[in-house]
Amino acid sequence: MSILRNASETQHINAGDVSPLDVSRGTSSGSLEPVPLHSIDRPPSTPILTITPSAALVNKILKKEKKEDVLKEKPDLTSYIRPETGEKVLTTGRVVSDVPAPATTKPTKQQLFTDYPANTKPDVEFLRKHFLLEGRLAEEDALWIVEKGTEIMRKEPNLLDLEGPITICGDIHGQYFDLSKLFEVGGPPGDNLKYLFLGDYVDRGYFSIECLLYLWALKITNPTTVFLLRGNHECRHLTEYFTFKIECIHKYSESLYNACLESFNALPLAAVVNKQFLCVHGGIGPEWIKVEDLNEVDRFREPPTHGLFCDVLWSDPLEDYDRPRVGGGPDDYFTHNDQRGCSYYYNYNAVCAFLERNNLLSLIRAHEVQDAGYRLYKARKSTNFASLITLFSAPNYLDAYKNKAAVLRYDNNTMNIRQFSASPHPYWLPNFMDIFTWSLPFVGEKILDMLLGILNICSREELDELAQKKRKIVVKLPEQEAAAAGPVPVMTIEGEGGVKTLVLQGDQSVKLDEPEEEESPSEARKNVVRKKIRTVGKMSRFFQILRQESEAISELKNLLGKAKLPHGQLALGTEGIRQAILTFDEAKRADAINEHMPPPPGTNSVATSRENIASSRSGLSAGSTTSLPRAPSLTKVEGLEVEPAPMVAEDDEDSSDDDMHDVDRDPWGGEIVKH
């Protein structure tokens with residue numbers, strides 16, 4: 001900076017030696033002494049020193065002040081404005097505010113048990129809410145629930161004897177959010193309301209362990225009002241084939257999976273409600289003569305591939321249930337179940353004979369998905385009540401069937417069928433695949449798209465151009481012709497590509513030359529880029545097809561609920577796979593392969609026993625009479641978005657169960673009430 005003395009003399013000093021708030025006073029020796037501005041004692045005659053700061057010093061001061069202002073005014077990072085809508089969005093909250101955040105902590109003993117510190121009664125309401133938030137338990141707590149439930153059910157007989165009022169439920173199949181909806185529709189279990197579940201709690205859905213833990217906790221807290229039967233999926237063979245084992249290992253450990261398998265062996269096999277209704281998962285078989293025969297079965301093991309134990313879990317009614325087989329042989333009652341690969345189909349005659357032998361009114365079972373959530377089969381003439389009822393309590397099964405679910409409430413000799421629709425639930429990738437593995441084909445496609453965009457500097461016309469290259473054709477001539485050629489002649493030939501020169505040489509060869517245009521460096525670079533673009537374009541197309549096929553296969557695996565596709569399924573192609581799952585019937589046909597029992601290694605197919613079938617054909621003789629219980633009235637109660645269910649005609653033996661009754665007529669003697 002410069003110091004002006006009396007506005008006439010100028011002496012330069014180092015700007016770094018003087019503060020911008022200081023001035024300098026001249027001494028007797030002519031040197032300058034820095035003096036603070038506020039300490040100057042200036043008489044009127046003292047010369048005034050004026051500072052003119054340099055531009056660099058001014059910029060330094062301004063930058064420092066600007067930096068301090070920036071530090072004082074920090075940007076607000078807790079929110080941002082969406083440019084397309086102008087909406088203010090908080091970064092500290094969830095983008096979709098109506099979807100609750102998942103539970104990230106495992107509950108303590110004090111939260112999990114209502115009788116802490118005794119820790120013997122799980123808080124089922126806390127568990128219900130915790131699982132709805134996708135929460136998990138400490139593994140020791142999950143093991144305790146499974147083992148305690150096993151201990152209680154192990155003491156129960158194979159055949160339960162229950163009284164109403166009771167709500168009977170069909171398959172759940174790992175759809176926990178729909179299970180929670182089921183209890184909203186049916187009411188919470190308690191002293192005045194019992195629940196009977198007919199099996200298949202796990203597999204196919206991705207919340208199987210939550211369903212199991214919640215139902216087992218209900219069994220622990222309500223041992224006399226909640227009852228659980230065994231389904232065909234409660235076994236090692238199917239849970240390894242489908243998704244339950246993968247889910248247990250993914251969410252907990254294999255130790256919990258093994259504890260669940262041990263618990264499955266403790267589940268009862270059937271129940272008789274009010275001494276009128278036999279409730280099982282699958283149905284009856286030729287070896288099941290009297291209901292009490294089931295108590296002789298050793299249930300504490302894996303289900304076999306044939307016999308009474310297998311039939312209770314795997315058998316099905318014939319599709320043409322009310323049409324007896326002709327021929328007078330054993331097939332009038334049972335025939336091999338080729339869809340399941342084990343057990344039998346049974347028809348109307350088989351069910352009626354079994355019910356009359358055991359003085360029962362009807363057979364209630366699950367095991368088959370139903371579009372309306374239930375199906376009422378042909379009524380018996382002696383009781384005018386449905387001989388068979390199928391229940392299915394997993395709405396929109398596999399997120400593809402679009403079916404409704406139903407539960408049956410029996411109270412005061414009256415039956416109510418309540419329907420409900422599916423509830424929204426979180427999405428899992430097939431077989432609990434992580435997002436990085438699933439997205440690899442997509443990421444590869446996008447990276448190649450970007451690379452193609454960078455390299456694509458040539459137009460399509462330029463890419464289609466073929467670079468002119470020199471061609472030489474060498475032809476060997478016989479020696480005589482070469483000798484006769486004499487001196488080297490030169491000929492010109494006109495043709496495609498311009499004028500060509502034919503040169504006959506004495507070394508017995510002919511060279512056909514085309515004029516060659518020398519390739520410039522820029523053209524050479526263009527040719528290199530063209531080749532790269534073509535290569536990258538092919539790779540991009542390859543990854544695009546790979547991504548599309550991967551998405552279609554992942555969707556199909558998610559539907560099938562297993563890691564491997566059925567043989568020949570990929571032959572349908574992408575569009576064939578996508579179009580296969582459009583309606584309930586098409587979904588059922590596409591999923592039929594998964595209804596089959598997976599063949600265990602080293603075992604043969606089930607062989608039918610003609611002696612067992614013949615011994616079971618002890619139906620009522622022409623003159624026999626049986627005392628039958630009074631049929632209850634059947635009242636159908638509409639649930640959510642319920643459509644009236646078809647009634648079964650009883651006019652003659654060959655009438656189909658698709659026949660319809662008038663709205664004001666009830667074949668079971670009760671009123672049809674719609675709520």
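Within helix α9, which spans residues 254-264, the buried residues are L256, Y257, A259, C260, L261, S263 and F264, where buried means under 20% relative accessible area, exposed means over 50% and partly exposed lies in between, for a 1.4 Å probe and protein chains only. The cover over these residues of α9 includes α4, α6, α7 (236-241) and α8 (244-251), with contact taken as heavy atoms within 4.5 Å. Helices here are DSSP runs of H or I with at least four residues, strands are runs of E with at least two, and both are numbered from the N terminus.

This is a predicted model, in which local features need pLDDT of at least 70 and side-chain atom pairs count only at pLDDT 80 or more, while totals for chains, interfaces and linings use all residues. Residues are numbered from 1 along each chain as its sequence is written, and side-chain values use heavy atoms, with hydrogens and water left out.

The secondary structure of the protein chain comes to 18 helices and 26 strands, and of its 675 residues 45% count as buried. Among the contacts with a separation of 6 or more, 71% are between residues 24 or more positions apart.

Two packed helices are described by the angle between their axes and the distance between the axes. Helix α3 (residues 124-132) and helix α5 (residues 176-186) pack at an angle of about 140°, and their axes are 10 Å apart; that makes α3 oblique to α5, since angles under 35 degrees count as roughly parallel, over 145 as roughly antiparallel, 65 to 115 as roughly perpendicular and the rest as oblique. The axes are lines fitted to C-alpha atoms, for helices over the stretch in contact, and the angles run from 0 to 180 degrees between N-to-C directions. From α3, the residues L127, R128, F131 and L132 meet Y176, F177 and S180 of α5, and the residues of this contact divide into five nonpolar, one polar and one charged. Here Ala, Val, Leu, Ile, Met, Phe, Trp, Tyr, Cys and Pro count as nonpolar, Asp, Glu, Lys and Arg as charged, and the others, Gly among them, as polar.

The buried residues of α3 are L127, R128, H130 and F131, and they pack against α2 (109-112), α4 (139-154), α5 and α6 (208-221).

Elsewhere in the chain, V351 is found in helix α11 (residues 348-357) and is buried, with a relative accessible area of 1%. Leaving aside residues up to four places away in sequence, V351 touches I284, Y321, Y346, L363 and S387. R380, in the loop between β18 (374-376) and β19 (388-391), is also buried, with a relative accessible area of 1%.

Most residues other than glycine have a negative phi, and most peptide bonds are trans. The table lists backbone angles from this model.

| Place | Feature | Angle |
|---|---|---|
| Y116 and P117 | cis peptide bond | omega about 10° |
| G164 to P165 | cis peptide bond | omega near 0° |
| N119 | positive phi | phi near 60° |
| F432 | positive phi | phi near 60° |
| E134 | positive phi | phi about 60° |

P117 lies in the loop between α2 and α3, and N119 has its place in the loop between α2 and α3, where N119 counts as buried at 19% relative accessibility. F432, in the loop between β21 (414-420) and α12 (435-455), is buried with a relative accessible area of 7%.
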